[in-house]
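Q: Could you take me through one part of this structure closely? I work at the bench, so please spell out the cut-offs as you go.

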Amino acid sequence: MTRKKVKLAYIANDSARKATFKKRKKGLMKKMSELSTLCDIKACAIIYSPYDSQPEVWPSPAGVQHVLSKFRDLSEMQQTKKMMNQESFLRQRITKANEQLKKQCKENREKEMTQVMYQNLSGEFGLQNLMNMADLNDLGYMIDMNLKDINKRVESLAKVGSHDNSQGSPAADQPEANSTGSQQFINLQENIGFGMGGDEMMNPFASDGHNNGVYWSNGPFFP
């Protein structure tokens, strides 16, 4: 039976809170002992609670004094190097969450524009549904990146085909098929009117501040 996920919130019931405190305190002391024994490190614990008049220490008052004295012998920079309060901890978590959100938004945007690109190639979707410049810029960026990947693949297959041509390898016929696909992307790119060539790309950060509700652009998703 799997363990039930515990909601991290203040326990309002006094008896339940006291029972939880005793159980968690015992588990904490056990983990401290395991950490010190298995890793051969000096560690200590000091626990204050409203249920005891004196703080509980581990492993002993003398052991705590020994660890604290070694800590005080360190420089101030070494003491505070990995120290963290509630505010800095929350700020670190928020920063990490924002980075994950930005990464996920970029991945979603790439999938969205890739789908639009293939729908245009198959004639299922018209560019008139893209109403703002940001959508067109992002689509142009994705087309340009796909063109580069196709050109690299064509060059790679051309080298393999030229090497195996004397042996009648079917790999020699692959570049022509891929060249057709590359030409389809180029034709789509010209129809859009981007006119990109070589390593030049349109700026995918432009936005006119409007959106038709179908495709969204809230910032620089592509570098």
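The part to look at here is helix α4, together with what surrounds it.

Q: What do the length, the buried residues and the ends of helix α4 look like, and which core do its residues belong to?

A: Happy to. This is a predicted model, in which local features need pLDDT of at least 70 and side-chain atom pairs count only at pLDDT 80 or more, while totals for chains, interfaces and linings use all residues. Residues are numbered from 1 along each chain as its sequence is written, and side-chain values use heavy atoms, with hydrogens and water left out.

First, the setting. The protein holds six helices and two strands, where helices (H or I, at least four residues) and strands (E, at least two) are DSSP runs numbered from the N terminus. Their order from the N terminus is α-β-β-α-α-α-α-α. Of the 223 residues, 25% count as buried; buried means under 20% relative accessible area, exposed over 50% and partly exposed in between, with a 1.4 Å probe and protein chains only.

Now to α4 itself, which covers residues 86–122. Its 37 residues should span 54 Å at 1.5 Å a residue, and this agrees with its end C-alpha atoms, which are 54 Å apart. The expected span is 1.5 Å times one less than the number of residues. At the start of the helix, a side-chain oxygen of Asn 85 comes within 3.3 Å of the backbone nitrogen of Glu 87. That is a polar contact, meaning a pair of N or O atoms within 3.5 Å; within protein, one must be able to donate a hydrogen and the other to accept it, and residues adjacent in sequence count only if both atoms are side-chain atoms. After α4 comes Gly 123, with a positive phi near 80 degrees.

Which residues of α4 are buried? They are Arg 109, Glu 112, Met 113, Val 116, Met 117, Gln 119 and Asn 120. Met 113, Val 116 and Met 117 also belong to the largest nonpolar core, which has eight residues in all and is completed by Leu 139, Tyr 141, Met 142, Ile 143 and Leu 147. A nonpolar core is a set of buried Ala, Val, Leu, Ile, Met, Phe, Trp, Tyr and Cys residues joined through side-chain atoms within 4.5 Å. Both α4 and α5 (133–164) supply at least two residues each, and the largest share, five residues, comes from α5. As a rule, nonpolar side chains in soluble globular proteins tend to be buried together. A second, separate core of seven residues includes Ala 43, Ala 45, Ile 47 and Trp 58.

The partner helix deserves a look too. Asn 146 sits in α5 and counts as buried because its relative accessibility is 17%. A polar atom of the Asn 146 side chain lies 2.7 Å from the backbone oxygen of Met 142, and Met 142 is itself one of the residues of the largest core.

For a contrast with α4, take α2 (residues 61–72), whose 12 residues should span 16 Å, in agreement with end C-alpha atoms 16 Å apart. Its buried residues are Gly 63, Val 64 and Val 67. Seen down the axis of α2, they fall within an arc of 100 degrees, so they line one face of the helix; the arc is that of the directions from the helix axis to the C-beta atoms. The face turned away from this buried side carries exposed Pro 61, Ala 62, Gln 65 and Arg 72.
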